[in-house]
Amino acid sequence: MDSLMLASELAKRPVVTLDGEAVAEIKDTVFDGAAGQITGFTLNGRGLLAGPLKQSLPWSSVHALGRHAVMIPGREALAEPAAVVASGEAAHGAVPGAKVLTEEGVEAGSVLDVVVAPDGRVVGFRISATEAFVHREHGRNSVFVPRGEALAVSGRALVVPSDAPRFVADDLPSFTTQVELFAARVTAAERQAYGGQRTDVGAAEGKEHL
């Protein structure tokens, strides 16, 4: 998996065309919480005195989300603000500070930041963890936790899988490995469930022919 990034790190990152022109900088990251995907960015102008732009950047127009710049084909990639804001929620508005709960209703902490992959997926969160969720070792009070593929995230609460404590990490490099392990666990569970369904279907078909 390519390097993961924090949504907070994207703020003020330059937006650059493939011709090398810096046309804006990132103001806020906007994403679809249910789908776990960035939908785009609100923008600021370039320079100390520049304020918010009356344009936004839809994710579909992003050429690459790089470590030092967000690359776009050209100025034509910019769109009206409604193209982005109407389809998602600001990552720096609703989500940070949201309460984190497990599937069993145990309070795990609160969201500090959102972890995104270069392809725009929301893969996890940095949270201020409670001792009920994960034992604090060596004074740590924040951890990275994976996002459940089918679980909810909103401005009110984030629900994480019951076994999420098995996949927490203290830093982003370590979290990359944990995200891969968590994804493998989800894939294995889906494969097992699908295999069981196939067995049930086969048994039913056999009965029909008796």
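Reader: Which residue of β12 does Phe125 stand opposite?

Author: In this structure, which is a predicted model, Phe125 stands opposite Val145 in β12. That facing pair belongs to a longer contact between two strands, since 5 bridges join β11 to strand β12 (residues 142–146), and the two run antiparallel.

Reader: Which strand lies on the other side of the pairing, and over how many bridges does β10 pair with β11?

Author: Strand β10 (residues 107–116) pairs with β11 in the antiparallel sense, over 7 bridges. Val116 of this pairing stands opposite Val122 in β11. The two strands form a hairpin with 5 residues between them, and there Gly120 takes a positive phi near 90 degrees.

Reader: Is strand β11 mostly covered or mostly open?

Author: A general idea helps here: in a regular strand the side chains alternate between the two faces of the sheet. In the present case, strand β11 (residues 122–129) is mostly covered, with 6 of its 8 residues buried.

Reader: How many residues of strand β3 are buried?

Author: Strand β3, which spans residues 22–32, has 8 of its 11 residues buried and is mostly covered.

Reader: How should I read the pairing of β3 with β2, and what lies in the turn of their hairpin?

Author: Begin with the pairing itself: strand β2 (residues 14–17) and β3 pair in the antiparallel sense over 3 bridges, and Val15 stands opposite Ala24 in β3. Then turn to the link, where 4 residues stand between the two strands of the hairpin and Gly20 in the turn has a positive phi of about 95 degrees.

Reader: How many bridges join β3 to strand β4?

Author: There are 7 bridges between β3 and strand β4 (residues 37–44), and these strands run antiparallel. One position to look for is Val30, whose bridge partner in β4 is Gly40. β3 and β4 also form a hairpin, again described by 4 residues between the strands, with Gly36 in the turn at a positive phi of about 65 degrees.

Reader: How many aromatic pairs does a search of the whole structure find?

Author: The search finds 3 aromatic pairs. Among them is the pair of Phe41 and Trp59, which is tilted, with 6.4 Å from centre to centre and 55 degrees between the planes. This pair links distant parts of the chain, for Phe41 is in strand β4 while Trp59 is in the loop between β5 (52–58) and β6, 18 residues apart. Both Phe41 and Trp59 are buried.

Reader: What is the count of salt bridges, and how should I think about them?

Author: The general idea is that side chains of opposite charge can pair when their charged atoms come close. In this structure the count comes to 7 salt bridges. One of them joins the side chains of Arg67 and Glu9, at 3.6 Å from N to O. That pair links distant parts of the chain: Arg67 is in the loop between β6 (64–65) and β7 (70–72), whereas Glu9 is in helix α1 (residues 7–10), 58 residues apart.

Reader: Why do Arg67 and Glu9 count as partly exposed?

Author: The class runs from 20% to 50% relative accessible area, and Arg67 is partly exposed because its value is 37%. Glu9 counts as partly exposed because its relative accessibility is 35%.

Reader: Is Asp28, the partner of Lys27, buried or exposed?

Author: The side chains of Lys27 and Asp28 meet in a salt bridge at 3.3 Å, N to O. Asp28 is buried, with a relative accessible area of 17%, whereas Lys27 counts as partly exposed at 33% relative accessibility.

Reader: Where in the chain are Asp163 and Arg185?

Author: The side chains of Asp163 and Arg185 meet in a salt bridge at 2.8 Å, N to O. Asp163 is in the loop between β13 (157–160) and α3 (172–208), and Arg185 is in helix α3, so that the pair links distant parts of the chain, 22 residues apart. Asp163 is buried, with a relative accessible area of 14%, while Arg185 is partly exposed at 30%. Salt bridges that share partners join Asp163, Arg166 and Arg185 into one network.

Reader: Which element has the lowest mean pLDDT, and which the highest?

Author: Strand β8 (residues 89–90) has the lowest mean pLDDT among the elements of the chain, 52, and β7 has the highest, 98. Over residues 201–210 the pLDDT is below 50, and this stretch has 0 contacts in the model beyond near neighbours in sequence. The chain as a whole averages a pLDDT of 80, and 75% of the residues score at least 70.

Methods
Residues numbered from 1 in each chain as written. Heavy atoms only, no water. Buried < 20%, exposed > 50% of the residue type's maximum accessible area, 1.4 Å probe, protein only. Pairing = 2+ DSSP bridges. Salt bridge = Lys/Arg side-chain N within 4 Å of Asp/Glu carboxyl O. pLDDT = per-residue confidence, 0-100. Contact = heavy atoms within 4.5 Å. Phe/Tyr/Trp six-rings, centres within 6.5 Å; stacked < 30°, edge-to-face > 60°.
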